[in-house]
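Me: Hi! Could you walk me through this one? I'd like to start with the fold and then get to the metals.

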Amino acid sequence: MAEALGGDLLRIHRIITRALSVCRERGSAFARADFPDASTREGYVSYARALLSALRAHHDAEDELAFPRFRERIPDAPYDRLERDHADLVPALTAADEAVEGALAGLPAAAWLGRLLGALDRIDRLWHDHIAIEEEHFNVRTIGSALSPEEQGELGRALSAHAQQHSGPDYLVVPFLLHNLEPADRAAMAANFPPIVMQQLVPIAWKEKWAPMRPFLLE
Ligand SMILES: [Fe+2]
Ligand SMILES: [Fe+2]
């Protein structure tokens, strides 16, 4: 599949873009009116936790695997700027992680939600320009002319394995990835997971753990 890698990168961006918007909008409403019940609070915190984990894993995979490879074959992209953006996001990611830890420790919303929203605002301010640059330089067309289908498949599998090793917990992050995508994109992303993930883990074994995230996910 010649289009595999460009499509994978685009889908990860779509997931993170949607989740940033959902997390900021719904979080602002909860900051004004509090969480309606414990399950919604749990779902929101899980959703934010999965977003932060997926975002970190995506940047690490780009820095460690994708960019070194692309530098050889797509030399004109502004790698220094892109890597600096990743580094500039670290303090906001750390603040957001700490806010989520406060939530998981049972602190009242006033002690963590404002901090989380402030950190997400800082992430959001960098994110959109950052992915616009990436998508201009690393898309189906540019990757298709720089890497053979075999090379794309190899790098795509390495990126997927790297992201799965460096994100978690799986029972939150995998459903989060799948259900922040519309059905056609979801089917394409599902092909990156072993069959047991789609047939057993997401729908059965992990179901109760990720169910509270449903109000924030796509059907
Ligand atoms: Fe990036
Ligand atoms: Fe990216």
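Me: What does the secondary structure of the protein chain come to, helices and strands?
Reply: This is a predicted model, and in it the protein chain has ten helices and zero strands.

Me: And how does the chain's radius of gyration agree with a compact globule?
Reply: It agrees: the protein chain has 17 Å, and a compact globule with 219 residues would have a radius of gyration near 17 Å. The C-alpha atoms fill a box of roughly 50 × 40 × 25 Å along the principal axes.

Me: How much of the chain is buried?
Reply: Buried residues make up 49% of the 219.

Me: On to the metals. Which residues coordinate the iron ion (ligand 2)?
Reply: His-13 and His-58 each give NE2, while Glu-62 and Glu-134 coordinate through OE, at 2.0 to 2.2 Å. Along the chain, the donors follow the spacing H-x44-H-x3-E-x71-E. Two of these residues link distant parts of the chain: His-58 sits in helix α2 (residues 38–73) and Glu-134 in helix α4 (residues 113–137), 76 residues apart.

Me: Are those two buried or exposed?
Reply: His-58 counts as buried because its relative accessibility is 7%. Glu-134 is buried as well, at 2%.

Me: Why is the arrangement around the iron ion (ligand 2) irregular?
Reply: Because its four donor atoms subtend angles of 84 to 179°.

Me: Last one: how far apart are the iron ion (ligand 2) and the iron ion (ligand 1), and which residue coordinates both?
Reply: The two ions are 3.3 Å apart, and Glu-62 coordinates both.

Definitions and conventions:
Residues are numbered from 1 along each chain as its sequence is written. Chains are lettered from A and ligands numbered from 1 in the order in which they are written. This is a predicted model: local features need pLDDT of at least 70, side-chain atom pairs count only at pLDDT 80 or more; totals for chains, interfaces and linings use all residues. Side-chain values use heavy atoms; hydrogens and water are left out. Donors are N, O and S atoms within 2.8 Å of the metal (3.2 Å for Na, K and Ca); water is not among the atoms, so sites may look incomplete. Four donors count as tetrahedral if all angles lie between 85 and 135 degrees; four count as square planar and six as octahedral if opposite donors are over 155 degrees apart and all others between 65 and 115; anything else is irregular. Helices (H or I, at least four residues) and strands (E, at least two) are DSSP runs, numbered from the N terminus. Buried means under 20% relative accessible area, exposed over 50%, partly exposed in between (1.4 Å probe, protein chains only). The radius of gyration is taken over C-alpha atoms; the globule rule is 2.2 Å times the number of residues to the power 0.38.
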